[in-house]
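Welcome to this short tutorial. A learner and a teacher will read a model together, one feature at a time.

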Amino acid sequence: SSLIPPQHRNTMASKRLLPLSRRAYHSYTHPQPPGPFTAVESSILSAAIPHIPTHGFTHTTLSLGAKDAGYVDASTNLFPKGAFSVVHYHLWSQREALKKHVPRLVGEFGEAGKGTGRKVMALTWERLRGNEKVVHRWQEALAIMAQPSNIPTSISELSSLADEIWFQAGDTSVDTSWYTKRATLSTIYAASELYMTTDRSEGWRDTSAFLERRFEDNMRLGGVVGSVGQWVGFTARAGVNVLRSKGVRI
Amino acid sequence: MARPCCRKPLNLATQSLLYDFLAPSCFKTARLNRPTRQFSTSLRCLSSSEPPHPHPTPRAGHEAATDPATRSKPLTQAQRDFLTSALRVNQAGELAATLIYKAQTPPIVASHPHLRPLMKHMYDQEAGHLATFNSLLAKHRIRPTAMYPIWTFAASALGWGTAIMSREAAMACTEAVETVIGTHYNQQVGVLLEMVEGMEERGEEVGEDLKVLIEDIRRIRDEELEHLDHAVENDAQKAVPHELLTGVIRAGCRGAIWVSEKV
């Protein structure tokens, strides 16, 4: 880090501590704000991605990426978090890449509002498939993500992914279910991603079946909770109305 | 204010690659601005929220990358934070208003059937406002307030409680809520107008979304103040613990607004 001028070291360190998901208000009339990586960082990290299958999520991958992008080896000092930057870039770029599947899914399952559940499952599957090339190194990435200093960013990326999937699938609910949907999808995705690291079947068949079972469980549970809630609501309203019809002033 | 090196068009393919690395701050993208705590005192921050390096980033759109003098700039973090919390609070407020009217209607109408059309009219308008904000939140990917179930319960309880007390108390509740909401929307319109003014001064494109939002909030504010007038016409001032009731409800509303902005 001796090559970085001292007055810039603090800003760069604090930049990484800023919470990731300040995504908020998505504007359609203004350009998007910059992502979590600067132009230089993006070029190094995107050049590092093809080296992951051979060298894993390590500092070596980062320096190979720097070399490919045309920077000196020491430019890996731009990444105080080291290998986590590669993990982070992989997570971020895979999430951004989900958009390109949307037109095909809209063609298959219908316009916005129709087939949301199936689109969510399809998008989750596409995101899992995005890990195909690196899945044999993914347990390494999970270990890096679980380090205490990296946990906030990792969780933030997971919740951003769940939000992105629901949004691209055309979900427009903005009540409490906004939270429950994203929480359940985060859990399903994390479990499936972990399962995929041990999957040796042809074309990830086992992972696909695992994913479907998780979604089915979720729907069944949601159905039960919904039914109970409906029954309780109906009984309460009916009770109040009966009392009103008897003349009780409530 | 910008350093000479930042005026270079961003063209990483040139030999400036090495120089990029040696002086990264010159080519760094605009960093996130610190969010403002109270949006009502953030006027200065929002209108003068130009980042210190007004250097366009390549990821902010093709126009921005190729033409540094483009009119279309990304919204700053402070602006986005304000819009997010404002719309979130508005949705929570309309949810509460809808539930208050829904809970107030049966007891009121049972003893004062002539108030049915008025209650229906006010409820319909609030339901329309809620639908507006619901669609805005979904469109702009804003998280609804986490207090949603709590506000649902609290608003229903408030509506039912004041309606049980008396018709005047129910009207006083409406008066209190609409006063706070009217002021709140007015404040928001003020901040938004100042934001737009700042953007126009700097020659930035304001965009249809913001202008339509200002018009919508103005219209909604006017309808809320109309409800306030209806409530006062219907003897809201005659409620027996008027000062106490309206004081408590106004304080509760302001507290709910503050919480919904954060949570």
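The dialogue below moves from the overall form of one chain to single residues in both chains.

Q: Before we start, what kind of model is this?
A: This is a predicted model, so please keep that in mind throughout.

Q: How many helices and strands does chain A have?
A: A good habit is to begin with the secondary structure. Chain A has eleven helices and zero strands. Read from the N terminus, its elements run α-α-α-α-α-α-α-α-α-α-α.

Q: What does the radius of gyration say about chain A?
A: Here we set the value beside that of a compact globule. For 250 residues such a globule would come near 18 Å, whereas chain A has 23 Å. The box around the C-alpha atoms of chain A adds to the picture: along the principal axes it takes up roughly 85 × 50 × 35 Å.

Q: What share of chain A is buried?
A: Of the 250 residues in chain A, 44% are buried. The contacts tell us about the fold as well: among those in chain A with a separation of 6 or more, 68% join residues 24 or more positions apart.

Q: What about the surface of chain A and its charges?
A: Let us take the surface, then the charges. Chain A exposes about 12500 Å², and carbon and sulfur atoms supply 61% of that area. Chain A has 29 positive and 21 negative charges, and the mean positions of the two sets are 8 Å apart.

Q: Which residues of chain A does the annotation "domain: COQ9 C-terminal" cover?
A: An annotation comes from a record, and we then look at the span in the model. The unreviewed UniProt entry gives this domain to residues 151-222 of chain A. That span is 79% helix and 0% strand, and its end C-alpha atoms lie 29 Å apart.

Q: Is A:His51 buried or exposed?
A: The step here is to compare the relative accessible area with the cut-off. A:His51 has 17%, and buried means under 20%, so A:His51 counts as buried. A:His51 sits in the loop between helix 2 (39-48) and helix 3 (52-55) of chain A. Beyond its neighbours within four places in sequence, its contacts are A:Gly56, A:Thr61, A:Leu64, A:Gly65 and A:Asp68.

Q: Now to chain B: where does UniProt place "binding site"?
A: One such annotation, from an unreviewed entry, covers B:Glu94, B:Glu126, B:His129 and B:Glu224. Why do they gather at one spot? They span 131 residues in sequence, yet no two of their C-alpha atoms are more than 10.2 Å apart, so they come together in space. The unreviewed entry also has the feature "binding site" at B:Glu126, B:Glu178, B:Glu224 and B:His227. These residues spread over 102 residues of sequence but cluster in space, with a largest C-alpha distance of 11.2 Å.

Q: Which residues does B:Glu126 touch?
A: We leave out residues up to four places away in sequence. B:Glu126 then touches B:Glu94, B:Ala97, B:Thr98, B:Tyr101, B:Glu178, B:Glu224 and B:His227. B:Glu126 lies in helix 5 (residues 116-139) of chain B and is buried at 0% relative accessibility.

Q: And where does B:Glu224 lie?
A: B:Glu224 is in helix 8 (residues 208-233) of chain B. B:Glu224 is buried, with a relative accessible area of 0%. Not counting residues up to four places away in sequence, B:Glu224 touches B:Glu94, B:Glu126, B:His129, B:Glu178, B:Ile181 and B:Tyr185.

Q: Finally, what can we say about B:Ala86?
A: B:Ala86 belongs to helix 4 (residues 77-111) of chain B and is buried, with a relative accessible area of 7%. B:Ala86 and B:Val259 are 173 residues apart along the chain, and their C-alpha atoms are separated by 12 Å.

Methods
Residues numbered from 1 in each chain as written. Chains lettered and ligands numbered in written order. Predicted model: local features only at pLDDT ≥ 70, side-chain atom pairs only at ≥ 80, totals over all residues. Heavy atoms only, no water. Helix = DSSP H or I, 4+ residues; strand = E, 2+ residues; numbered from the N terminus. Rg over C-alpha atoms; globule rule 2.2 N^0.38 Å. Buried < 20%, exposed > 50% of the residue type's maximum accessible area, 1.4 Å probe, protein only. Contact = heavy atoms within 4.5 Å. Areas by Shrake-Rupley, 256 points an atom, 1.4 Å probe, with all protein chains shown as cover. Lys, Arg positive; Asp, Glu negative; His and termini not counted. Charge placed at Lys NZ, Arg CZ, Asp CG, Glu CD. UniProt positions renumbered as here; feature names shortened; annotations may be inferred.
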